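Work through the following exercises with the sequence and the structure side by side, and try each task before you read its solution.

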Amino acid sequence: MTKKYLLIGTLFLAVFAVVVGVAVALQGEKAPPAPAPAFSRRLRPHFDHAPVTPAKFESPQAVTRSCLGCHPDAAHIMRSSHWQWLGDEVVVPGHDGKTRIGKKNLLNNFCLVNRGNEKTCTKCHAGYGWADDTFDFTKAENVDCLVCHERSGTYVKGMYGIPTKETDLVAAARSVGTPQRENCLGCHAYGGGGQGVKHGDIDSSLAHPFDEEDVHMGRHGFLCVDCHKAPDHQIQGRAFSVGVEDSHGIACTDCHQGHKHADARVDTHVKSVACQTCHIPEFAGKLPTKAWWDWSKAGDASRKEDPHGYLKIKGEFAYEQAAVPEYRWFNGTGGRYLLGDRIDPTKVTALNPPLGGIDDPKAKIWPFKIHRGKQPYDAGFNYLFPPVTGGKDGYWTTFDWDSAFRLGSEASKIPYSGKYGFAPTEMYWPLSHMVSTKEKALACTDCHGERSRMDWKALGYAADPIKTGGRP
Amino acid sequence: MSRPLAIAVFLVLAVPAAAQQGVNPIHPVFAPLDAAGKKVRTVEEMSAEKTCGACHDAAYIAAHTDHKAPRAAATCIQCHVSGARLDIRPERLDAEGKLTRESIRIGTPRAANCAACHGLVLDVGAPVLLPASFEGAPASGRTWSLTRGEGAIVAPQRMADSFLDLEGKESLSAPWDVHAAKLVDCVACHYARNSPARTDGKQGSLRYLTADPRRQTQAEFLVRPDHRFAEQDCRACHDPMKAHAFLPYRERHMEVLSCTVCHASAPMGPAAEMVDATVVTAVGGPSVRYRNVERRAGDTINTATIRPLRPLLVERVESDGVRRVAPVNLVSRYRWVSRADGADVPFETVARAWLTGGGHAPEVVSALDADRDGRIDEAELRLDTAHKTDLIAARLRALGIEDPVVVGNLDAHPLAHGISTRDRALKNCSACHAEDSRLSDDYLVASYLPGGRPPRPPEGARVVLAGTIAPSPTGGLVLQRDREAAPGSLHVLGHSRQAWTNRIGFLAFLSVLLGVTVHGGLRYALRRKRGHVEHATGEKEYVFGRYERLWHWTMAVTGIVLIVTGLEVHGTGKWALMSLPTAVAIHNAFAVILVVNGFLALFYHLTTAAIRNFIPHPRGFVARALEHMTYQARGIFYGESHPRNAAGQKLNPLQQVTYLALLNVLFPLQIVTGALIWAVGKWPAVASAVGGLHHVAPVHNLGAWLFLTFFVLHVYLVSTGRTPTDHLKSMITGYQHVEADGTEPEGAES
């Protein structure tokens, strides 16, 4: 009997609770979305490798063999561009047939070219001993597992990517786990020969950024690999400096699906403006990034050396900090300058021009860091040239461009006419990192009105689209 | 010394010139003319009236403008030309004496043009800070009315990025002015009324009139633009009913409140309390006292802490002609006036009377320097005695001013500019719906009275300053307001008190609480003398059917919820059980449950004849009632059995009377008044037909107290059964002990 009343009483209270709940739910403000889960849980390795690590390694390759003993599938990294420095076969706009392009065979306007300069360039190769074309890309033991996975913080790669003598391989091997920010930044923050040279939006400040420097890594504790997932060691993400299409790319909308802004007018921008445009109001906020590199000034012993202004071996530089991006239409694909392409040395050659325009419905206005400079070219054949700078007889030792060109001609198998010069070039670096907090995002007046950061006419608009309307 | 210097350098560097107006490709090139109509080659000779008047109807504009003397004498150039200055130099003129195309930077007035007189209006790019002229000698016509009057700084910049020291700055990520941030400039709301490009705003205008052929053509408009500018209020563009879903009584709030009550509730610009131009500071400006600026001696206004301004809420006639409660700031402005011709004494003359060389004149210092430190401090710089006033008056007379007197005006500046985003809007209900709310704030009118004169309140103003202006302890004046009233004689739930009903209700509640405490205490004290064993047998009888128990407990729960939420509404802010909107929502929902439950119960009682229990049996009613009273007053203490009820009735006569009153008077009263209070939000006309909330709310309030009183009594009487928990158990199980002497069991006081 008592049970029955208890039951009725409970039901009764339940009905009231529902009524109250509905009333509150109808009136109460919506609860804020739960914060993103902390990613710090992976700061500790899920498995302590110390007990299974041998007491001594003969060579770095021995470490790799040891890794492969338990993780044979890890050898799949050898299919990736981190190992090959070449991408999949693609059609490069303006070129016939399909080509495999990558760091291995492309020119840039920083340290110019890998081939012939492997000694220092391949310090950042995820492998051991890439010295010249004889390097065996099929030999799994040459893969450098540690550079991405070690957490001791003591692992230093030297010439040709071989760890320096002093490196404690055992300590490094014992510490392995999911790649940390520092693993990625070790190469990606220092590409081009120094801190923040290449990317405007990746430098070592991302190891421990403040919220407004990078909201994902600062506020939410993201690791690089939270976005750049690596199923089967195929690391996701697309570097526009060495690729021409956006396969394996990562988009903001992969996570921020169906996002609506508080103001509907902002949403109307989304079809023409990339997320990054507003949410990365500036780049290189904390550490400067290189904006200008003039190789033609190199070799002047009389000038004062300053790593941010002038180096005899490299020429003249300019750095920028807390810089306002430049904006271009970009549909995710680009053109690419390939070795041997003719140039007009009187004009600026874009090594990787972003494709898309106001008439391209897939294109959006993107923020770019544009790295400009002057780099060596063959004045007889009118193409950009891959001289040898490093090594015993390279330019950095001899300060003789002619001999550097001749060495480069051999290394890259490209004819040299005997005449050289310096041509203006630029490289486009779309910005996707260093996303700031929403409070710092661009607001209307940053782009519209009299003080606009957009050059509307250059983007193809008649005038400020707030007055003349956006594209249809 | 280095700090002011550094700040000065900073100011120079930090305020870049406002972006220049673009070249107007349409405006014809023209030759600047002088007053005689002759071509001129310098800007000094030029007459704007003649030059612009060559095409535009200068006479019409002069006759149709708000910007005319004596309040303001703005010229065409000041408002329509970039930088308020035509650039006439020989190299800008062609052979015919016409300005070249590049010099035609003429167009619709931009924010910077308006700002030149009205206040601090800043462009993108410049971090917000107050220019040196803000504190210095007043430039001609520059009133700073937006900033000093309203605390508004019109800038698109985020407040957190400005250079000012704002309280809680790090969290102020909203822009200074959301309209400026979204490129809505001054003329968007203050446009020429006869512009064919504009109808009278989005709302309320007739759509077909946008293409009305009878409107002026653009050409006609350009000749004769009406310079009595529109004053669009928020509702011209925004429909408040499309937002504010969170707000209970949305219609009501929108009807009686100006949007700015919530959306300009805490301006962060320096708002003045008093602009005393009868005195001159050492830097040559009038003495300005701010309401929301906390500065240490020697601080510039840029380094002083600025707090949110808490405006005065008053009744105001809005631009659409409707009276609403609106926030204003009161500024008393004092100046010297020559009584001979009634004209203001120019401030430059006043400055000459005060200053000699680089600082205050020695005679002035000796008269005002109370602490004898050789200089006039901020607190000393005031004409608060006849002696000081006479001294300056004498010095003014010496400068040729006839019969100078101090005159003060009290200006009420409605807060309408510098509206930030919705995140900065007032969302705290208890800001108004609480006893100590901003609706009845006292407001300092003047902290002292220059020349001993009170400021003259505005004449024919659209603002109603309810309350009394009384002397303040510091020797100034303060606007004192009725603690329990609200502007516009509104009845504000949670704020307005219903003095006598509230008191009567509370007294009733208190006396019953006291009564049952004494009664219960006595019963407890005398429990040994009472032999209740003889009338509480082990026998039980089924007295309450299933449905009776269901509706009783439903009523009980809804009643308790209504009382709790009602108290929450009544004393907003005192009990932080839940937010006001939640309390109102729950109260309304449970009121509906109670009414439905009541009607179902009535139906049950009518159809099952159980209603008989509630109808007193006339025969012997008085005697039985007396018997019961006697029992409660005496017998109960000695363990006597309950007196008998009338045959076949569960309720005793006292209960019957109580329930008759409860069900026939209190219930309908609460339901009707409650519905009317609810209707105030939806159909205000219905409630106002019976006197509005002023009458309805106190009645509901009294009813609520009586309910609470009944509740206390009821709960107490439950304990007077054969055993203290007997009645309670019976209402749960339905079974009740039978009286020992075989009398009919008395029903619980249900």
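**Exercise 1.** At which residue does α19(B) bend, and by about how many degrees?

*Solution.* This is a predicted model, in which local features need pLDDT of at least 70, side-chain atom pairs count only at pLDDT 80 or more, and totals for chains, interfaces and linings use all residues. Residues are numbered from 1 along each chain as its sequence is written, while chains are lettered from A and ligands numbered from 1 in the order in which they are written. The bend, which is the angle between axes fitted to the seven residues ending at a residue and the seven starting there, is about 35 degrees at B:L662 in α19(B).

**Exercise 2.** Compare the expected span of helix α19 of chain B with the distance between its end C-alpha atoms.

*Solution.* A helix is a DSSP run of H or I with at least four residues, numbered from the N terminus, and its expected span is 1.5 Å times one less than its number of residues. Because helix α19 (residues 653-682) of chain B has 30 residues, it should span 44 Å, and this agrees with its end C-alpha atoms being 42 Å apart.

**Exercise 3.** Name some buried residues of α19(B) and some of the helices that cover them.

*Solution.* A residue is buried if 20 or more other C-beta atoms, placed from the backbone, lie within 10 Å of its own. Among the buried residues of α19(B) are B:Y659, B:L676 and B:I677. The cover over the buried residues of α19(B), judged by contacts (C-beta atoms, placed from the backbone, within 7 Å), includes α17 (580-608) and α21 of chain B.

**Exercise 4.** What share of chain B is buried?

*Solution.* Of its 750 residues, 35% count as buried.

Definitions and conventions: A residue is buried if 20 or more other C-beta atoms lie within 10 Å of its own, exposed if 12 or fewer, and partly exposed in between; C-beta atoms are placed from the backbone. Helices (H or I, at least four residues) and strands (E, at least two) are DSSP runs, numbered from the N terminus. Two residues are in contact if their C-beta atoms, placed from the backbone, lie within 7 Å.
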